[in-house]
Amino acid sequence: MQIQENFSLRPYNTFGINASARYFSVFNSADQLTELLDSRLPTLNSRLILGGGSNILFTHNFDGVVLKNEIKGMEELHEDEEYVYVRAGAGENWHAFVQYCISRNWAGLENLSLIPGNVGASPMQNIGAYGVEVEDLFWDLEALHLREKKLYTFTKTDCQFGYRDSVFKHKFKNEFAIINVSFRLRKKPVFHISYGAIQQELERMGVKDLNIRAIAEAVIHIRRSKLPDPVEIGNAGSFFKNPSIPKVLYEALKIKYPDIIGYANANGTVKLAAGWMIEQCGWKGYRSGDAGCHAKQALVLVNYGNASGQEIYDLSEKIVKSVKEKFGVELEREVNII
Ligand SMILES: Cc1cc2nc3c(=O)[nH]c(=O)nc-3n(C[C@H](O)[C@H](O)[C@H](O)COP(=O)(O)OP(=O)(O)OC[C@H]3O[C@@H](n4cnc5c(N)ncnc54)[C@H](O)[C@@H]3O)c2cc1C
């Protein structure tokens, strides 16, 4: 395995930030990763497991080892009357995996079509879109403990999933490399089309017999029309999470701002649309140098070319501050800041 020094990470993060890694290497099995961890690189304490780089912001050069996960493989494990159990290597591209499942008529992942990144980060982030989250389909995963160099299995309960959240972002932050992930998919689909514009898009497409391929196609169309493509303009999708607040606070805000957008959560709190609040603070379409807030999606911060990670981060700080001042609500970043 080749270990490269002072390696540019620009092609490896969708923000297109020109940061470098002191050391960089790629692994395509748990054994190779163990070998790399044994190779006693001088900066072993500081290491980062990298997937597709689509939810990461480098605010400085990384003075450690970046280990890019390229573990491949997709396979059916077994099935029962209702479900099929399928496993994918952490380094598989997420959308390719979704398409692999759809082509076999395994249902459940169709609403999560076209989310950038790799399979390994999907449970870590508990990715979600159009009313579905990975935790709804997740079965278990295997992860290598980076110090013990031992494989552990995590069930759904072990992962402690939350909104764009899991145990790997807190208690076990930087402790594990996810090696593979298993999902339980339905043989007979249950459709989720009430969220966002899916229904209208299906109508526009003239779909008569609803099926998972059509839903995936509708999601792909909507995403392409709404979200900036990182190939054209650097970004990492939603920069902030939609914050949840107690219902009483929401009702007080609603009196002051009748147009405020909120969705009731099952636990009685209300989830606010962060994008709407950011827009009300005047940030939508803002640009300073090459760092900006997207003109169509206020939740998405962008790099128009040569912005540094620190410039993007500083802009996010200003946004957090102004939303706090205007609405009294603290925004939390969804993107992993390095
Ligand atoms: C245009 C665009 C649209 C997006 N839309 C959505 C959306 O609709 N819904 C959504 O949820 N997200 C969305 N995202 C965010 C992103 O796609 C997801 O968070 C994705 O899961 C990140 O995967 P990745 O492989 O690129 O992770 P990376 O950016 O490489 O890593 C993210 C974090 O996970 C860690 N990590 C990655 N792989 C592993 C592993 N194998 N083991 C341990 N840790 C690991 C990294 O260290 C890092 O902390 C969007 C991003 C973009 C650019």
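## Strand S19, its sheet and the ligand shell

In strand S19 (residues 300–303), Val300 and Val302 point one way while Leu301 and Asn303 point the other way, and all are buried. Please keep in mind that this is a predicted model. Welcome to a short tour that starts from that strand, moves on to the ligand, and ends with a second sheet and a buried lysine.

**The sheet around S19**

- In a regular strand, side chains alternate between the two faces of the sheet.
- S19 belongs to an open sheet of four strands, ordered S13-S19-S18-S17, in which the pairing is antiparallel.
- S13 and strand S17 (287–288) are at the edges with a single partner strand each, so one side of each has no neighbour in the sheet.
- On one flank, S19 runs antiparallel to strand S13 (residues 234–238), and three bridges join the two.
- Within that pair, asparagine 303 of S19 has glycine 234 standing opposite; this is the Asn303 that points the same way as Leu301 and is buried.
- S19 also pairs with strand S18 (residues 291–293), again in the antiparallel sense and over three bridges.
- Here leucine 301 in S19 is the bridge partner of cysteine 293.
- The connection from S18 to S19 is a hairpin through six residues.
- Further along the sheet, S17 and S18 run antiparallel and are joined by two bridges.
- In that pairing, serine 288 stands opposite alanine 291 in S18.

**The ligand and its shell**

- How many residues surround the ligand? There are 35, and the closest are Ile49, Gly52, Ser54, Gly128 and Ile178.
- Strand S13, the edge strand of the sheet above, is one of the elements that each supply at least two residues of the shell.
- The others are strand S3 (47–50), helix H3 (121–125), strand S8 (128–129) and strand S12 (176–186).
- By residue class, the shell divides into 17 nonpolar, 15 polar and three charged residues.
- Two backbone contacts involve oxygen atoms of the ligand: a backbone N or O atom of proline 116 lies 2.8 Å from one, and a backbone N or O atom of asparagine 118 lies 2.9 Å from one.
- A side chain takes part as well, with an N or O atom of arginine 164 at 3.3 Å from an oxygen atom of the ligand.
- On its own the ligand has 980 Å² of accessible area, and the protein covers 94% of that.

**A second sheet, with mixed pairing**

- Another open sheet has four strands in the order S1-S2-S5-S3, and its pairing is mixed.
- Its edge strands are strand S1 (4–8) and S3, each of which pairs on one side only.
- On average, neighbouring strands of this sheet are turned by 40° against each other, direction ignored.
- Strand S2 (residues 20–27) and strand S5 (residues 62–69) pair in the parallel sense, over six bridges.
- Valine 66 in S5 is the bridge partner of phenylalanine 24.
- S3 links this sheet to the previous topic, as S3 supplies at least two residues of the ligand's shell.

**A lysine after S13**

- Lysine 241 sits in the loop between S13 and strand S14 (244–245).
- Is lysine 241 buried or exposed? With a relative accessible area of 9%, lysine 241 counts as buried, because the cut-off for buried is under 20%.
- The side chain of lysine 241 reaches the backbone oxygen of tyrosine 163, at 3.5 Å.

Terms used. Residues numbered from 1 in each chain as written. Predicted model: local features only at pLDDT ≥ 70, side-chain atom pairs only at ≥ 80, totals over all residues. Heavy atoms only, no water. Buried < 20%, exposed > 50% of the residue type's maximum accessible area, 1.4 Å probe, protein only. Pairing = 2+ DSSP bridges. Near = heavy atom within 4 Å. Polar contact = N/O pair within 3.5 Å; in protein donor to acceptor, adjacent residues only side chain to side chain. Areas by Shrake-Rupley, 256 points an atom, 1.4 Å probe, with all protein chains shown as cover. Nonpolar A, V, L, I, M, F, W, Y, C, P; charged D, E, K, R; others polar. Axes fitted to C-alpha atoms, helices over the stretch in contact; angles between N-to-C directions.
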